[in-house]
Amino acid sequence: MIEVKDLTKKYGDFVAVQDLNFKIEDGEIVGFLGPNGAGKSTTMNMITGYIESTKGDIIVNGYDISKKPKKVKRQIGYMPESTPLYSDLTVKEFIRYMAELKFVKRKDRKQEIERILEQTGLVDVQNKLIKNLSRGYKQRVSLAGALIGNPEVIILDEPTVGLDPKQITEIRSLIKNLGKNHTVILSSHILSEVSQICEKVIIINKGKIIAIDTPENLENKTKGKNTIILTVEDNNNNMKNINEKIEGIQEITLEKDNEDGTKQYKVISDKDIDLRKKLFEVLPKEEITIFELKQGEATLEDAFIKLIEDDKSQQEDENKKKSKEKDEKKNKVKKDKQEGGKK
Amino acid sequence: MFAVFKKELKSYFLSPIGYIAIGLFLLVFSVFFYITTIEVFALDLGSLYYATAMYGLLFVVPLITMRMFAEERKNGTEQLLLTSPRSITGIVLGKFLAAVALIAITLVISLIYFVILTFFGDPNIVTTLVAMVGFLLVAMAAISFGMFTSSLTENQIVSAIITVVFLILPWFLPNISTIFSEISLIDKFAKMSSGLISITEIVGLLSFTVMFILFTIIVMQRRKALK
């Protein structure tokens, strides 16, 4: 279990991460989500003991990183964002070095290295120099370095950046498999990735947590309206008046005029009104043929953007309040001075 | 410590640096072997080691120390080392000993000159060994300083230049004031090169070495908070 309490990191006056609090249970796959510069990497670097926090505690399986750094580091496998590697070494040499650094016992080492090579699909390139590998393979070598020694906690900083689609699916299924008997923390700004792999999402913006929840809950919470995507053939253009025939439609917009004569509309209604049944009943009567009808789902993308915008507007409100108070104070002081002068 | 030591020593020979360092050293050795022994018909290797320590270390030490931490920092591999369950002390000592081992390898090769001399006369093996130990001590002190400069920057050239300047200054500074000869590493080697075992000088060189190893450890530890 990983517990993070009041974690803060400051660089001079700049606050990179402020008062983070969260708990990660054993065997969970947790996604750190946030725009660039939100503090994802900083947080991960603190959990792995690469940088020191300004304030706050990090406790991994009962050990405090500031008091027992070696004990904590033994339980963590870390793949940094920039995937640093020793380019003069071959893949196998690099993995062996990482195994040695992580105290993998001499008698288990060979077997462990072979297991990792297989797991990460590096068997074919094991004797190549790292500098001659493509970006995707380098990423895998870095991942292999994190996995060697079978640590309980695996921390991956943007593990799929720069990979081609096939490699991305491979790495994702690998991570999902790892989640069966490891605790996995990964960061990403690709939202679909997080919703596919993770059981829990921590959304960070400007160094603060703005939401911790499951991807499904986040999607539901931020869903404001019910959207239906509707493709129809409508030769008499009866769709124009359809909102008079069906109650509850807030808005109909033409999305696409397809070449085959069909048209795609977006029908928006209130959150709790489902119009699908009514559309099926009414449209045929109006000589409109339905080609396709589906519910538009609120994606994590929407949730993410909404949460960040909410956070922004909240901050702006606070700032406005503050500046207003300041102005009032100034005016008061001015007034007092003027009155004082009069007296 | 041993894992880092092994890898560091290996990477000297994966890049050209290890070969260049040893080659350069042997070149300087050979030149001075001619000047200090063959040409003057001497049977004593002391001045050979003294001259090589003076001119050879100047080039070779910065060459092997500049990359120690600067390269890791620049490539980000520092992150792998510092998040591994190894202590900073172990990492620093591992790297230090690998560089010392590289010099030690050259010293073993330099026994060739002793063997050559045995064809012409009867050189004293004990004084030669004392000179070699002294040479290694001076090299260790210089390496510890070079390592320290490497931990300060991510630019290898900067580290190398600071080290060269530090090693070259004692050539000129004693002309200004004799106080400066105290900081000269090479002056501490003068007695040992002639076969004298001098405790003050051994202690002086060793404490200099320990001091800069400690400085390196402190720099690495403090950087964690500043990063």
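Start with the largest cavity in this predicted model: its volume is about 130 Å³. To find the spot, select B:Ala53, B:Met54, B:Leu167, B:Leu185 and B:Ile186, which are the closest to the cavity's centre among the 13 residues that line it. Now colour by secondary structure. Helices α3 (46-65), α8 (125-152) and α9 (156-176) of chain B are the elements that each give two or more residues to this lining. What is the mix of nonpolar, polar and charged residues around the largest cavity? Twelve are nonpolar, one is polar and none is charged.

That hole has company: the count comes to four cavities of 30 Å³ or more.

Next stop, the second largest cavity, at about 100 Å³. Select A:Tyr78, A:Met98 and A:Lys102 along with B:Leu80 and B:Thr83; of the 13 lining residues, these are the closest to the centre. Keep both chains on screen here, as that selection takes in residues from A and from B. On the chain A side, β6 (76-79) and α5 (135-147) are the elements that give two or more residues to the lining. Which element has the largest share of it? That is β6(A), with four residues. Colour this lining by residue class and you should get seven nonpolar, five polar and one charged.

Now hide chain A for a moment and look at chain B by itself. Its secondary structure comes to eleven helices and zero strands, so a cartoon view follows the pattern α-α-α-α-α-α-α-α-α-α-α along the sequence. The radius of gyration of chain B is 18 Å, close to the 17 Å that the globule rule gives for 227 residues, so chain B is as compact as a globular protein of that length. Turn the C-alpha trace along its principal axes and you'll see spans of about 60 × 40 × 30 Å.

Stay with chain B and switch on a surface. About 9900 Å² of chain B is accessible, and 75% of that belongs to carbon and sulfur atoms. As for what is underneath, 55% of the 227 residues count as buried. If you draw contacts for chain B with a separation of 6 or more, 78% of them come from residues 24 or more positions apart.

Bring chain A back and move to the largest pocket, where about 390 Å³ of space lies. Select A:Glu52, A:Ile65, A:Ser66, A:Pro69 and B:Lys224: of the 22 lining residues, these lie nearest the centre. Several elements each supply at least two residues of the lining. From chain A there are β4 (55-60) and α2 (69-74); from chain B, look for α5 (78-82), α6 (88-109) and α11 (199-226). How many residues of each class line the largest pocket? Nine are nonpolar, six are polar and seven are charged.

Last stop: a single residue, A:Gln167. You'll find A:Gln167 in helix α6 (residues 165-178) of chain A. Is A:Gln167 buried or exposed? Its relative accessibility is 14%, and the cut-off for buried is under 20%, so A:Gln167 counts as buried. To see what it touches, show A:Gly136 and A:Arg140 as sticks; A:Gln167 is in contact with both, leaving aside its neighbours within four places in sequence.

Methods. Residues are numbered from 1 along each chain as its sequence is written. Chains are lettered from A and ligands numbered from 1 in the order in which they are written. This is a predicted model: local features need pLDDT of at least 70, side-chain atom pairs count only at pLDDT 80 or more; totals for chains, interfaces and linings use all residues. Side-chain values use heavy atoms; hydrogens and water are left out. On a 1 Å grid over the protein atoms alone, a cavity is a set of points where a 1.4 Å probe fits but cannot get out, and a pocket is an open set with protein on both sides within 12 Å along at least five of seven lines; lining residues have an atom within 4 Å of a point. Grid points are joined across faces, edges and corners, and a volume is the space filled by probe spheres set on the points. Ala, Val, Leu, Ile, Met, Phe, Trp, Tyr, Cys and Pro count as nonpolar, Asp, Glu, Lys and Arg as charged, and the others, Gly among them, as polar. The radius of gyration is taken over C-alpha atoms; the globule rule is 2.2 Å times the number of residues to the power 0.38. Buried means under 20% relative accessible area, exposed over 50%, partly exposed in between (1.4 Å probe, protein chains only). Contact means heavy atoms within 4.5 Å. Accessible areas come from the Shrake-Rupley method with a 1.4 Å probe; for residues, only the protein chains shown count as cover.
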